[in-house]
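Biologist: I am new to this structure. Could you walk me through it, one question at a time?

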Amino acid sequence: MKLLLGIGGSDDSLRALSVTVERARATGDELVVAVVENPDSSRDPDGVADRAREAVADAGIDASVRRVEGDPGPQLVEIAETEEFDRIVLGGGETSPMGKINPGRIAEFVVLNAPVTVTLVR
Amino acid sequence: MSSRYPDDPTVGFSPPPVEFRDREGRPIAIRTLEPAEPGHGRAGDGSADRSGGGDGAETGSEARAEARAEAEVETVTGPGAEPESAGNAGAAAPTGRDGAANAARAALVDMYDAFDPADRAQGIPPSGRDRVRDWLDTVLAPDCYNVVAWDRGRDPGRAVGHATLVPDDDAYELAIFVLQRYQEAGIGTRLLRALLGHGRASGVRRVWLSVERWNRAAIALYRNIGFETVGEGGFEQVMTLRLADGDENRDGHPDQDRDRDQNRGRG
């Protein structure tokens with residue numbers, strides 16, 4: 001299976017990174033990590049890309065990490081469709097002090113528009 | 001949560017106690033929920049649950065034993081009177097404030113256990129008594145503010161609504177929950193006003209909440225209280241409110257009072 005993991009640096013996206021990398025290691029699925037620009041995240045995309053490369057290397061898998069410019073949701077959907085990914089994986093959203101889940105704009109767009117399976121990691 | 005807060009505060013919120021009849025004629029009381037002393041944690045709640053949480057027959061008894069204790073604590077008893085629940089269900093004899101706090105907590109566990117799953121919004125309240133208890137640890141923490149609505153027509157009193165303020169940097173996040181059978185009866189508005197009164201009296205000034213964008217009834221409720229929408233797009237709508245300092249909390253702004261005084265002089 002060909003997985004496209006979209007991460008922007010939010011806490012939930014970094015969790016999705018470790019969960020997905022581990023799963024790819026176990027299943028042998030092909031994985032591409034797309035580092036997008038998330039305006040809601042305080043982490044710098046280059047730093048996030050470095051973390052992704054580290055996670056991939058630590059797991060010993062052959063996954064590629066790329067930076068994706070532009071509007072994250074639409075870009076992820078376009079990449080998934082044109083490059084024929086089977087699944088898009090995203091972080092499941094941030095949690096407020098109360099415990100309320102906010103899926104975030106990127107996940108909303110992808111869930112509503114992707115032509116492939118979408119997984120939100122929580 | 002960095003949000004735009006309204007320039008003008010909303011005034012006129014009074015803290016509990018509040019007593020009223022809801023639109024169905026049920027006698028409702030709103031009370032502040034004071035946290036138990038730190039270190040006592042869930043002792044009162046756990047001790048009544050030794051028989052296990054999965055048994056449906058037990059679900060009400062936890063609150064009943066504790067609530068009897070609460071009733072004893074709240075009424076004025078003569079010298080030498082013992083709380084009735086001292087020998088019940090192996091629960092430790094509750095003392096004063098901790099007894100009341102733990103009884104209220106147990107009643108909230110029962111309330112959330114009875115919640116309609118369809119009333120979950122943005123993931124809360126969780127389902128299952130253990131998950132509810134874990135979540136209540138967060139919202140009933142000592143740095144939070146909580147008020148509970150009780151149906152006084154039930155013996156013992158049943159918790160039917162709960163509103164909470166949870167700290168978030170220099171602001172507080174608000175949430176409110178009303179048992180389905182008690183919705184659309186005017187309780188939500190009263191709960192919100194009582195919570196905001198309690199929060200304001202305790203120093204809370206900035207309040208925000210999130211609500212599903214399609215939940216028109218809730219958004220109308222919050223707007224009527226004084227919340228304003230901020231942000232745009234997405235499943236989640238954020239709303240904010242500013243509470244007033246000292247003198248501002250009379251009816252109307254300080255400026256309006258000044259104008260009224262001037263006009264009075266003109267006869």
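Modeller: Gladly. Keep in mind that this is a predicted model. Chain B has 267 residues, and buried ones make up 45% of them.

Biologist: How many helices and strands does chain B have?
Modeller: Both kinds of element occur in chain B. The secondary structure of chain B comes to seven helices and eight strands.

Biologist: Of the contacts in chain B between residues at least 6 apart in sequence, what share joins residues at least 24 apart?
Modeller: Start with the contacts in chain B whose partners are at least 6 apart in sequence. Then keep those that join residues at least 24 apart. The share is 65%.

Biologist: Let's turn to a helix pair. At what angle do the axes of α5(B) and α6(B) cross?
Modeller: Helix α5 of chain B covers residues 187–201, and helix α6 of chain B covers residues 216–225. Their axes come within 10 Å. The crossing angle is roughly 45°.

Biologist: What word describes how α5(B) and α6(B) lie to each other?
Modeller: The axes cross at roughly 45°. An angle under 35 degrees would count as roughly parallel, and 65 to 115 as roughly perpendicular. The angle here fits neither range, so α5(B) and α6(B) are oblique to each other.

Biologist: Is the crossing of α5(B) and α6(B) left-handed or right-handed?
Modeller: The angle alone leaves this open. For α5(B) and α6(B), the crossing is right-handed.

Biologist: Which residues of α6(B) meet α5(B), and what classes make up the contact?
Modeller: From α5(B) come G188(B), T189(B), L192(B), R193(B) and L196(B). They meet L221(B), Y222(B) and I225(B) in α6(B). By class, the contact has five nonpolar, two polar and one charged residues.

Biologist: Take T189(B) in that contact. Is T189(B) buried, partly exposed or exposed?
Modeller: T189(B) sits in helix α5 of chain B. It touches L221(B) and I225(B), leaving aside residues up to four places away in sequence. Its relative accessible area is 34%, and buried would need under 20% while exposed would need over 50%, so T189(B) is partly exposed.

Biologist: How far apart are the C-alpha atoms of T189(B) and N224(B)?
Modeller: Along the chain, T189(B) and N224(B) are 35 residues apart. Their C-alpha atoms are separated by 8.7 Å.

Biologist: Now the interior. Which residues touch the most other members of the largest nonpolar core?
Modeller: That core has 58 residues. One residue from the helix contact, Y222(B), returns here. The residues that touch the most other members are L174(B), Y222(B) and F227(B).

Biologist: What does F227(B) touch, not counting residues up to four places away in sequence?
Modeller: Its partners include L174(B) and Y222(B). Also on the list are L196(B), V207(B) and L209(B). The rest are M239(B), T240(B) and L241(B).

Biologist: How many residues are in the second, separate core?
Modeller: Its members include L3(A), A59(A), V89(A) and V121(A). The second core has 21 residues.

Biologist: Stay with chain A. Is A24(A) buried or exposed?
Modeller: A24(A) lies in helix α1 of chain A, residues 11–27. It touches D29(A), L31(A) and I61(A), not counting residues up to four places away in sequence. Its relative accessible area is 3%, under the 20% cut-off, so A24(A) is buried.

Biologist: Which peptide bond has omega near 10°, and which has omega near 0°?
Modeller: Both bonds are cis. The one with omega near 10° runs from P16(B) to P17(B), and P17(B) is in the segment before β1. P125(B) is in the loop between α3 and α4 of chain B. The bond with omega near 0° runs from I124(B) to P125(B).

Biologist: Q122(B) and E184(B) have positive phi values. Which is buried and which is exposed?
Modeller: Phi is near 50° for Q122(B) and near 55° for E184(B). Q122(B) lies in the loop between α3 and α4, and E184(B) in the loop between β5 and α5. Relative accessibility is 12% for Q122(B) and 73% for E184(B). So Q122(B) counts as buried, and E184(B) as exposed.

Technical notes:
Residues are numbered from 1 along each chain as its sequence is written. Chains are lettered from A and ligands numbered from 1 in the order in which they are written. This is a predicted model: local features need pLDDT of at least 70, side-chain atom pairs count only at pLDDT 80 or more; totals for chains, interfaces and linings use all residues. Side-chain values use heavy atoms; hydrogens and water are left out. Axes are lines fitted to C-alpha atoms, for helices over the stretch in contact, and angles run from 0 to 180 degrees between N-to-C directions. Helices (H or I, at least four residues) and strands (E, at least two) are DSSP runs, numbered from the N terminus. Angles under 35 degrees count as roughly parallel, over 145 as roughly antiparallel, 65 to 115 as roughly perpendicular and the rest as oblique. A crossing is left-handed if the near helix is turned anticlockwise from the far one by less than a right angle, and right-handed if clockwise. Contact means heavy atoms within 4.5 Å. Ala, Val, Leu, Ile, Met, Phe, Trp, Tyr, Cys and Pro count as nonpolar, Asp, Glu, Lys and Arg as charged, and the others, Gly among them, as polar. A nonpolar core is a set of buried Ala, Val, Leu, Ile, Met, Phe, Trp, Tyr and Cys residues joined through side-chain atoms within 4.5 Å. Buried means under 20% relative accessible area, exposed over 50%, partly exposed in between (1.4 Å probe, protein chains only).
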